[in-house]
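The exercises below are meant to be worked with the sequence and the coordinates open side by side. Try each task before reading its solution.

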Amino acid sequence: MVFANPDKEWETYGKTDPYFGVLTEDKFSQKNLTEKNRDDFFRTGRDHCENVIRQIRENIHPAFAPQKILDYGCGVGRLLIPFAKNADSAFGVDISPSMLAETAKNAKSMGLDNIHLHLPADLPSLPSDFDFVHSCIVFQHIPRKKGETLFQLILTRLRPGGIAAIHIPYQTHTRKAKIYFDIMSRIPFAQNLWNLLKKRPWHYPLMQMNNYSPIRLIEIASSLHCPCRHIQIIQPAKTDTHKACFLYFQRIP
Ligand SMILES: C[S@@+](CC[C@H](N)C(=O)[O-])C[C@H]1O[C@@H](n2cnc3c(N)ncnc32)[C@H](O)[C@@H]1O
């Protein structure tokens, strides 16, 4: 397999092209990151956060207004920052120190001082009384076995009555995408040649994608006293390679 060390590869993204690493659209690559494109980037985050809170209010808890929030795989703060704006404190966790540094810079420039940033190794020692635990477009990049372990760990950080919203890919969307990922992950140098074609550096990393079984995650969560309260199927955009859903859990009060 070409995926030597996905964690290290995320640090490469964090160092060289953090916004494109989060949303793989050309307009968010380092060379195209104008002020307008940056505003567009953060607008997608605000829209996402509003939608997630609306889903919870309409389907689980009408007055949901979380004050202590954990965003797992926070990247450059696209979602952590809007959540933090309406909370007492917001904790961001990410595998890439450079992504965390960019979040810190963004939080400072937006005047926020209630954000706490951590590496995944800190997870077991983080508070276990979060009102809300959230993760978006992160588990897809983590190998399934490791992802299931992390999934359990982040659910243990919820307070009784607290809610989790976790984005989960469950199926490769198109045949073309399946062929692409098969070739890139199995054939040596295929990714490097693709990089040349896309005018990227030779060693530009491949973003790995993994599917999960939502049923298995629902079973795991139930065993942790966090039954699934809502499932939101995400309508795939034209450019999406995987079908995904948001699973919502609530820790039994
Ligand atoms: C596609 S980005 C999404 C960032 C953010 N959730 C958002 O939607 O704006 C994926 C993020 O997950 C982080 N990540 C990847 N593997 C991780 C792991 N095992 N633990 C924590 N974070 C991880 C990456 O460093 C990257 O910042």
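Helices (H or I, at least four residues) and strands (E, at least two) are DSSP runs, numbered from the N terminus. Residues are numbered from 1 along each chain as its sequence is written. This is a predicted model, in which local features need pLDDT of at least 70 and side-chain atom pairs count only at pLDDT 80 or more, while totals for chains, interfaces and linings use all residues.

**Exercise 1. Place arginine 144 in its helix and describe its surroundings.**

Step 1. Arginine 144 belongs to helix H6.

Step 2. For the burial class, a residue is buried if 20 or more other C-beta atoms lie within 10 Å of its own, exposed if 12 or fewer, and partly exposed in between, with C-beta atoms placed from the backbone. Arginine 144 is partly exposed because it has 14 C-beta neighbours inside 10 Å.

Step 3. Two residues are in contact if their C-beta atoms, placed from the backbone, lie within 7 Å. Leaving aside residues up to four places away in sequence, arginine 144 touches Asn210 and Tyr212. The C-alpha atom of arginine 144 is also separated by 9.2 Å from that of serine 213, although the two residues are 69 residues apart along the chain.

**Exercise 2. Trace the strand pairing that involves S4 and S5.**

Step 1. Two strands pair if DSSP finds at least two bridges between them. Strand S1 (residues 68–72) runs parallel to S4 and is joined to it by 3 bridges, and in this pairing aspartate 71 stands opposite histidine 134.

Step 2. S4 also pairs with strand S5 (residues 158–172), again in the parallel sense, over 5 bridges, with isoleucine 166 of S5 as the bridge partner of serine 135.

Step 3. S5 in turn pairs with strand S7 (residues 242–250), here in the antiparallel sense and over 9 bridges, and proline 169 stands opposite alanine 244 in S7.

Step 4. Strand S4 (residues 130–135) is mostly covered, since 5 of its 6 residues are buried.

Step 5. A crossover is right-handed if, with the strands pointing away from the viewer, the path from the first strand over the helix to the second runs clockwise. By this test S4, helix H6 (residues 144–155) and S5 form a right-handed β-α-β unit.

**Exercise 3. Which loops hold isoleucine 137 and histidine 225, and what is the sign of phi at isoleucine 137 and at histidine 225?**

Step 1. Most residues other than glycine have a negative phi, and most peptide bonds are trans.

Step 2. Isoleucine 137 lies in the loop between S4 and H6, and its phi is positive, about 45°, although it is not a glycine. With 17 C-beta neighbours inside 10 Å, isoleucine 137 counts as partly exposed.

Step 3. Histidine 225 is found in the loop between helix H9 (214–223) and strand S6 (228–234), and this residue, not a glycine, has a positive phi of about 65°. Histidine 225 counts as partly exposed, with 14 C-beta neighbours inside 10 Å.

**Exercise 4. Is threonine 239 buried or exposed, and how many Å separate it from serine 109?**

Step 1. Threonine 239 is located in the loop between S6 and S7.

Step 2. Threonine 239 has 8 other C-beta atoms within 10 Å, and therefore it is exposed.

Step 3. From C-alpha to C-alpha, threonine 239 and serine 109 are 31 Å apart in space, and they are 130 residues apart in sequence.

**Exercise 5. Describe the residues around the ligand.**

Step 1. A residue is near a molecule or strand if its C-beta atom, placed from the backbone, lies within 6 Å of it. There are 18 residues around the ligand, of which Trp10, Gly73, Gly75, Arg78 and Ile95 come nearest.

Step 2. For the classes, Ala, Val, Leu, Ile, Met, Phe, Trp, Tyr, Cys and Pro count as nonpolar, Asp, Glu, Lys and Arg as charged, and the others, Gly among them, as polar. The shell around the ligand then divides into 12 nonpolar, 4 polar and 2 charged residues.

**Exercise 6. Summarise the protein as a whole through its secondary structure and contacts.**

Step 1. The protein has 9 helices and 7 strands.

Step 2. Of its 253 residues, 34% count as buried.

Step 3. Among contacts between residues at least 6 apart in sequence, 70% join residues at least 24 apart.
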